[in-house]
Amino acid sequence: MDVPQIFQTIEQSGLSTWIRETDSLFGFYFILALHTVGLAMLVGANTFVDLRILGFGSAAMPLKPLKQYFSIMWWGFAINAVTGVFLLIAYPTKAFTNPMFYIKLACIAAAIVVMQKTKTRVFGDSNLSDKAMAARGTTLAVCSLALWVAALTTGRLLAYTYTYLFYGHLAPGG
Amino acid sequence: MPSFTHPFVVWLAHTKFSELMVQSKWWWAFMMDMHFIGLSLLIGVIGALDLRMLGFAKDIPLAPMHKLVPFAIVGFVINLITGVLAFIGMPIFYTYDTAFWLKMFAILLAGVNVGVFYLTGVFRKVEGLGAGEDAPISAKLIAASSMFLWISVIMLGRYIQVFEDTISSGR
């Protein structure tokens, strides 16, 4: 299958070129840095809640108030969705022709589904005791942790598995 | 850079261990992957604690949250190990990179911040913070500094690639 021309069009746009080639410190690496901060918020907050659901710190930490952490997770996700789009505008061929990118998105989608399911299943019924709440989330918490590790791993692997750096340009050594 | 660093860094770059670190891109990818997992553990726990001191999710008592600090330490240790191995793998690259040293400085400051928290009695003041109780201003300052420093560490880490070769080797 030929690489769709639209990627070249995007890469030749003013915005895409600016992100990649600007001398400003607020170009590509700034967007990448914000993407890392977003993941720290999203994965960090979800990890904290998962650990509590799995029983760590449970002796005196009420579970109900941890529902507030989902807002942090959604802010982290929002930051990463926006920065992610800008990263794709900068290097569309590189990402969209790399199967690893689609695996990463699938892992994230699954992790978000688990995250939402955790919110409704564990924190949905305020009449439940903390113990009952946690019991409803054990499998979800384990899946959450595993999926975020998968998302981080596939994300990291993108830099090592791409075929094209730009439309028509293979990766160095490729 | 002091002039004695260059011969040391060049020597390190030519050791078998250094070459081993960069031999396989999959090993490098694995180390960097662990580095991100470590940061997630660190930020997840320390971020929650800092935010609590700053007033977020105040209905959680502080002491049980603090019980999760070992996970943050595990995260930090993972990053310390992978960081040292990465440095050994590419010593010239990191030594002459401004962003790398700024990142190390930020980590040092974060460490000093931790020291201040535990050694000046601020921790003792917030240890018993119950549901709904506000942390004293000293704790808020430390928590805000902690958040600022760790976010700086993350961002500076991403800029290491940008600031390659920005320090003169003084040869």
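Here's a quick tour of one helix, one exposed residue and one interface. Keep in mind that the model is predicted. Helix H4 of chain A covers residues 69-90, and chain B meets chain A through 31 of its own residues.

**Helix H4 of chain A**

- At 1.5 Å a residue, the 22 residues of this helix should span 32 Å, and its end C-alpha atoms are indeed 32 Å apart, so the two values agree.
- Its buried residues are A:Tyr69, A:Ile72, A:Met73, A:Gly76, A:Phe77, A:Asn80, A:Thr83, A:Leu87 and A:Ala90.
- Look down the axis of H4(A) and those buried residues fall within an arc of 145 degrees, so they line one face of the helix.
- Here's a handy rule: an α-helix has 3.6 residues a turn, so residues three or four places apart point the same way.
- Flip to the face turned away from the buried side of H4(A), and you'll find the exposed residues A:Ser71, A:Ala81 and A:Val85.
- The cover over the buried residues of H4(A) includes H2, helix H3 (28-53) and helix H6 (99-123) of chain A.

**A:Leu15**

- You'll find A:Leu15 in helix H2 (residues 14-21) of chain A.
- A:Leu15 counts as exposed because it has 11 C-beta neighbours inside 10 Å, and the cut-off for exposed is 12 or fewer.
- A:Val3 sits 12 residues away along the chain, with 21 Å between the two C-alpha atoms.

**Where chain B touches chain A**

- On this interface, 31 residues of chain B are in contact with 27 residues of chain A.
- Helix H3 (25-53), helix H4 (62-66) and helix H9 (137-159) of chain B each give two or more residues to chain B's side.
- H3(B) brings the largest share, with 14 residues.
- Sorted by class, chain B's side has 22 nonpolar, four polar and five charged residues.

Terms used
Residues are numbered from 1 along each chain as its sequence is written. Chains are lettered from A and ligands numbered from 1 in the order in which they are written. This is a predicted model: local features need pLDDT of at least 70, side-chain atom pairs count only at pLDDT 80 or more; totals for chains, interfaces and linings use all residues. Helices (H or I, at least four residues) and strands (E, at least two) are DSSP runs, numbered from the N terminus. A residue is buried if 20 or more other C-beta atoms lie within 10 Å of its own, exposed if 12 or fewer, and partly exposed in between; C-beta atoms are placed from the backbone. Two residues are in contact if their C-beta atoms, placed from the backbone, lie within 7 Å. Ala, Val, Leu, Ile, Met, Phe, Trp, Tyr, Cys and Pro count as nonpolar, Asp, Glu, Lys and Arg as charged, and the others, Gly among them, as polar. The expected span of a helix is 1.5 Å times one less than its number of residues. The arc is that of the directions from the helix axis to the C-beta atoms.
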